[in-house]
Amino acid sequence: MHNSPGPELIMGIRNLAGLEACYKYADAVYFSTDRLSLRAKAKEINLENLEEFVSEVKARNLKAYLAVNSTVNEDRLEEAGNVINAASKAGVDAVIAWDPAVILKARKAGLRIHISTQANITNHETAEFYRALGAERIVLSRELSLDEIREIRQRSDVEVETFVHGAMCMAVSGRCHLSAYVLGKSGNCGECTQPCRWEWELHGENNLVMESRGKYLLSAKDLCMIEHIPSLLRAGIDSFKVEGRLRDPRYLEVVSRCYREAIDACKEGTYSREKVDSWLFELSSVYNRGFSTGFYFGIPGIEGFSPEKGMNASEKKRRAAGIVENYYPRQHAAAIKLLEEGLEIGNEILIEGSTTYLKQRVTSLIKNGIILQKAEKGDEVGLAVEGTVRRNDRIFII
């Protein structure tokens, strides 16, 4: 863990591969189990393996925060109790919640409590209300300006956490009903189908189709505050949060490294425009929808949206190459099958799975005892690997 004074860098992850990708740079990670989470697709952590997962987090000297932040209906109260009991047994460092029932259950279990951004905290009196309930930290509303955040921090004794990077929801503090209305899949229960990222047409009177600056009329750009780390530090924010529990491990590795370098550069007095440009270049090479500063410097206009592109705006996209069929630890090699694309010496690759994250160059390819410079799509070859991989791990060219 980076124990020097300054903000905690917290990354959202969904499995061990994500943990492996970011642990060198983060101070903490937040995650969810397969229930009562706003990321219902993230099912790899469950109540049965939660304790083991938390042990892996702490073995890397990181703090472990469990998100229990979905809507809790009457028939899910017992389930909420089960999640809190499992969290207590696993020894998580805090529970991220906003529903009062979950907060009370966490307090009764003796767990530290962080209030989710879903609570839409926008003033210091509300911050103090949650502190009186036992909250150690609040994750402020995303709709606040930097000046408002600074004032809340100055007028409240509770720790303040804000998002600094990642996807932005078009709805206030993520309390969106569009997915539920269109497809019956509630975003507030973790099932968002992201209709805000679809193509839409704007219709006016008399069935006229209005001309617009693109078709992705509701798609907000991603938040990126790498250019403003000094201002965030001066505001006294205790924790910098990165959204991305469903992002791939390379995204987590690049984003965590860039923000760690930026925070450290500020502390060391070496933060510069040249470094910012380098970080922006790297951040734009992984999944993004274009970047904005959200509400930090005022209510965003059209510049906060990405009407031309609904999803990934990155020009550098990884390409699937194949899968691992076997791993030979003594030989530091893997048998792989190239299903989608060939490989050649010098390619930079990622090998990923639910517990694997390995980035390396291709240094050796062997087929039937013959050393190759290049292997073709459809080939089954031996690949020298620089770490442990597992059967059915995916191989990508980056």
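This is a short talk about one strand, one cavity and one helix residue in a predicted model.

Okay, let's start with strand β7, residues 159–166. Is it buried or exposed, taken as a whole? Seven of its eight residues are buried, so the rest of the structure largely encloses β7.

Now, which strands does it pair with? There's β6, residues 135–139, running parallel to β7 and joined to it by three bridges. On that side, Val 139 sits opposite Glu 161 of β7. Then there's β11, residues 239–242, also parallel to β7, with four bridges between them. Glu 161 turns up again here, standing opposite Ser 239 in β11. And β10, residues 222–224, runs antiparallel to β7, with two bridges. Over there, Gly 166 has Leu 223 as its bridge partner.

Hang on to Leu 223, please, and let's talk about empty space. How many cavities of 30 Å³ or more are there? Just the one, and it holds about 90 Å³. It's lined by 13 residues, and the closest to its centre are Ser 141, Arg 142, Phe 163, Leu 223 and Tyr 296. So what's the lining like, chemically? Eight of those residues are nonpolar, four are polar and one is charged.

Last stop, Glu 151. You'll find it in helix α6, which covers residues 146–155. Its relative accessibility is 41%, which means it counts as partly exposed: over the 20% limit for buried, but not past 50%. If you want a feel for distances, take Glu 151 and Ala 333, which are 182 residues apart along the chain: their C-alpha atoms are separated by 56 Å.

That's me done, thanks.

Notes: Residues numbered from 1 in each chain as written. Predicted model: local features only at pLDDT ≥ 70, side-chain atom pairs only at ≥ 80, totals over all residues. Heavy atoms only, no water. Buried < 20%, exposed > 50% of the residue type's maximum accessible area, 1.4 Å probe, protein only. 1 Å grid on protein atoms, 1.4 Å probe; cavity = no way out; pocket = protein on both sides within 12 Å on 5 of 7 lines; lining within 4 Å. Points joined across faces, edges and corners; volume = space filled by probe spheres on them. Nonpolar A, V, L, I, M, F, W, Y, C, P; charged D, E, K, R; others polar. Pairing = 2+ DSSP bridges.
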